[in-house]
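Here is a friendly walk through one chain, from a single helix out to the whole fold. Keep the structure open beside you as you read.

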Amino acid sequence: MNDLTYSQKKYLFGIYKLAQSGNVVKSADVAKTVGVSKASTAAMVAKLCENGYIQKEHYGQIELTESGIKAANAIYTNCIVIRDFLEKDVGTDSQSADKDATGIVSHISEKTINLMVEYILRK
């Protein structure tokens, strides 16, 4: 997961969250969830396919591959730990904690996020 950029993490996380709802994941849904244009989504979906994180049929649904699931699950798990910390220990409201945790997880290095999660879990 170390090779993922901020944008790639954001898209993978968005796809993962959409897939959790049990619905078919389409590019338009991803664009709306991530807050970007359909053209930007098409370019990132192509890159994530190329890197083996997702599979997509032409004009079809998006599915995470095994490596995509692993990467997205790691992002999700770290996000949950940080969100809970922000909410319970810092006192951030639920909505802000969720948004901020997603930003934190996506923006900092893998080494730092792992250290941060270890620190939070030791408390």
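## The long view of helix 4

In this predicted model, helix 4 covers residues 66–90. Its 25 residues, at 1.5 Å a residue, should span 36 Å, and the end C-alpha atoms lie 35 Å apart, so expectation and model agree. Just after helix 4 comes Gly91, with a positive phi near 95°.

Which residues of helix 4 are buried? They are Gly68, Ala71, Ala72, Ile75, Asn78, Cys79, Val81, Ile82, Phe85 and Leu86. An α-helix has 3.6 residues a turn, so residues three or four places apart point the same way. The buried residues of helix 4 find their packing partners in helix 1 (6–20), strand 2, helix 5 (94–107) and helix 6.

## Two nonpolar cores

In soluble globular proteins, nonpolar side chains tend to be buried together. Here the largest nonpolar core holds 18 residues, and Leu12, Ile15, Val30, Leu48, Ile54, Ile62 and Leu64 have the most contacts inside it. At least two residues of this core come from each of helix 1, helix 2 (27–34), helix 3 (38–50), strand 2 and helix 4. Helix 1 gives the largest share, with five residues.

What does Ile62 touch, leaving aside residues up to four places away in sequence? Its contacts are Ile15, Val25, Lys26, Ser27, Val30, Val45, Ile54, Gln55 and Lys56. A second core, separate from the largest one, has 13 residues, including Phe13, Ile75, Val105 and Val117.

## The whole chain

Stepping back, the chain contains six helices and two strands, arranged from the N terminus as α-α-α-β-β-α-α-α. The radius of gyration is 15 Å, close to the 14 Å that the globule rule gives for 123 residues, so the chain is as compact as a globular protein of that length. The C-alpha trace spans about 45 × 25 × 25 Å along its principal axes.

Of the 123 residues, 34% are buried. Among contacts with a separation of 6 or more, 54% join residues 24 or more positions apart. The accessible surface comes to about 7,300 Å², and carbon and sulfur atoms account for 51% of that surface.

## How confident is the prediction?

The average pLDDT of the chain is 91, and 98% of the residues score at least 70. Among the elements, strand 2 (residues 62–64) has the highest mean pLDDT, 96, while helix 6 (residues 110–122) has the lowest, 87. Where pLDDT is low, the predicted coordinates should not be read in detail.

Terms used:
Residues numbered from 1 in each chain as written. Predicted model: local features only at pLDDT ≥ 70, side-chain atom pairs only at ≥ 80, totals over all residues. Heavy atoms only, no water. pLDDT = per-residue confidence, 0-100. Helix = DSSP H or I, 4+ residues; strand = E, 2+ residues; numbered from the N terminus. Expected span 1.5 Å × (residues − 1). Buried < 20%, exposed > 50% of the residue type's maximum accessible area, 1.4 Å probe, protein only. Contact = heavy atoms within 4.5 Å. Core = buried A, V, L, I, M, F, W, Y, C linked by side-chain atoms within 4.5 Å. Rg over C-alpha atoms; globule rule 2.2 N^0.38 Å. Areas by Shrake-Rupley, 256 points an atom, 1.4 Å probe, with all protein chains shown as cover.
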